[in-house]
Amino acid sequence: MKDQSDFINFFPEIPFIGDLDFGFGSSDAVRLFNSDITLIDEVYYESEEPWPICADETGNTIELIDSFLDITVAVFWDCIIIYGSPN
């Protein structure tokens, strides 16, 4: 969902913060905030190795292969589900 109005209509109870024009085939970051807009966690990723390149223009997304692993380590990510998770 890249459209702000679609996001607000689908998730009215979640405050919309920032631009949704992220990733989609390029290097970027994902940041997780709590309801007080406090940064909880973040990961920066690249669209080239050692990060998984299996998602480049394929419809796949990369996912952490185990939630107990370090999110900053590229080899702990892989293409698992097509068109995002939870699909």
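Two strands pair if DSSP finds at least two bridges between them. Keep that in mind as you start clicking around this predicted model, where local features need pLDDT of at least 70, side-chain atom pairs count only at pLDDT 80 or more, and totals for chains, interfaces and linings use all residues. Residues are numbered from 1 along each chain as its sequence is written, and side-chain values use heavy atoms, with hydrogens and water left out.

**Stop 1: the whole chain**

Switch on the cartoon view. You should find one helix and four strands, running α-β-β-β-β from the N terminus on. Helices (H or I, at least four residues) and strands (E, at least two) are DSSP runs here, numbered from the N terminus.

Now try a surface. The protein exposes about 6600 Å², and carbon and sulfur atoms supply 55% of that; the areas come from the Shrake-Rupley method with a 1.4 Å probe, and for residues only the protein chains shown count as cover. Of the 87 residues, 17% are buried. Buried means under 20% relative accessible area, exposed means over 50%, and partly exposed is in between (1.4 Å probe, protein chains only).

**Stop 2: the S1–S2 hairpin**

Select residues 28–33, which make up strand S1, and add S2: the two pair in the antiparallel sense over six bridges. Which residue of S2 stands opposite Ala29? It's Tyr44.

Follow the chain round the turn. S1 and S2 form a hairpin with five residues between them. Pick Ile37, in the loop between S1 and S2: its phi is positive, about 60°, although Ile37 is not a glycine.

Go back to Tyr44, in strand S2. With 49% relative accessibility, Tyr44 counts as partly exposed. Show its surroundings and, not counting residues up to four places away in sequence, you'll see Tyr44 touching Asp28, Ala29, Arg31 and Trp51; contact means heavy atoms within 4.5 Å. For a distance label, try the C-alpha atoms of Tyr44 and Arg31: they are separated by 8.7 Å, with the residues 13 apart along the chain.

**Stop 3: two tryptophans**

Next, select Trp51 and Trp77. The structure holds one aromatic pair, and how do its rings sit? The ring centres of Trp51 and Trp77 are 6.0 Å apart and the planes are at 45°, so this pair is tilted. The rule covers rings of Phe, Tyr and Trp (its six-membered ring) with centres within 6.5 Å; planes under 30 degrees apart count as stacked, over 60 as edge-to-face and the rest as tilted.

The pair links distant parts of the chain, 26 residues apart: Trp51 is in the loop between strand S2 (39–45) and strand S3 (60–64), while Trp77 is in strand S4 (residues 77–82). Are these two buried or exposed? Both Trp51 and Trp77 are buried.

While you're in that loop, look at Pro50, which also has its place between S2 and S3. A cis peptide bond joins Glu49 and Pro50, with omega about 15°.

**Stop 4: the core around them**

Keep the tryptophans and add Val43, Tyr45, Ile71 and Ala74. Together with Trp51 and Trp77, these form the largest nonpolar core, which has six residues. Such a core is a set of buried Ala, Val, Leu, Ile, Met, Phe, Trp, Tyr and Cys residues joined through side-chain atoms within 4.5 Å. In soluble globular proteins, nonpolar side chains tend to be buried together.

Centre on Ile71. Leaving aside neighbours within four places in sequence, Ile71 is in contact with Asp41, Glu42, Val43, Trp51, Leu64 and Trp77.

**Stop 5: the disulfide**

Show Cys54 and Cys79 as sticks. They form a disulfide, with their sulfur atoms 2.0 Å apart; the cut-off is a pair of cysteine sulfur atoms within 2.5 Å. Cys54 lies in the loop between S2 and S3 and Cys79 in strand S4, so the pair ties together parts that are 25 residues apart in sequence.

Check the torsion about the S-S bond of Cys54 and Cys79: it is about 105°, so the disulfide is right-handed. Cys54 counts as partly exposed at 30% relative accessibility, whereas Cys79 is buried, with a relative accessible area of 18%.

**Stop 6: Asp78**

Finish on Asp78, in strand S4. Asp78 counts as partly exposed at 38% relative accessibility. Its contacts, leaving aside neighbours within four places in sequence, are Pro52, Cys54, Thr61, Ile62, Glu63 and Ile65. One last distance label: Asp78 and Glu63 are 5.6 Å apart, C-alpha to C-alpha, and 15 residues apart in sequence.
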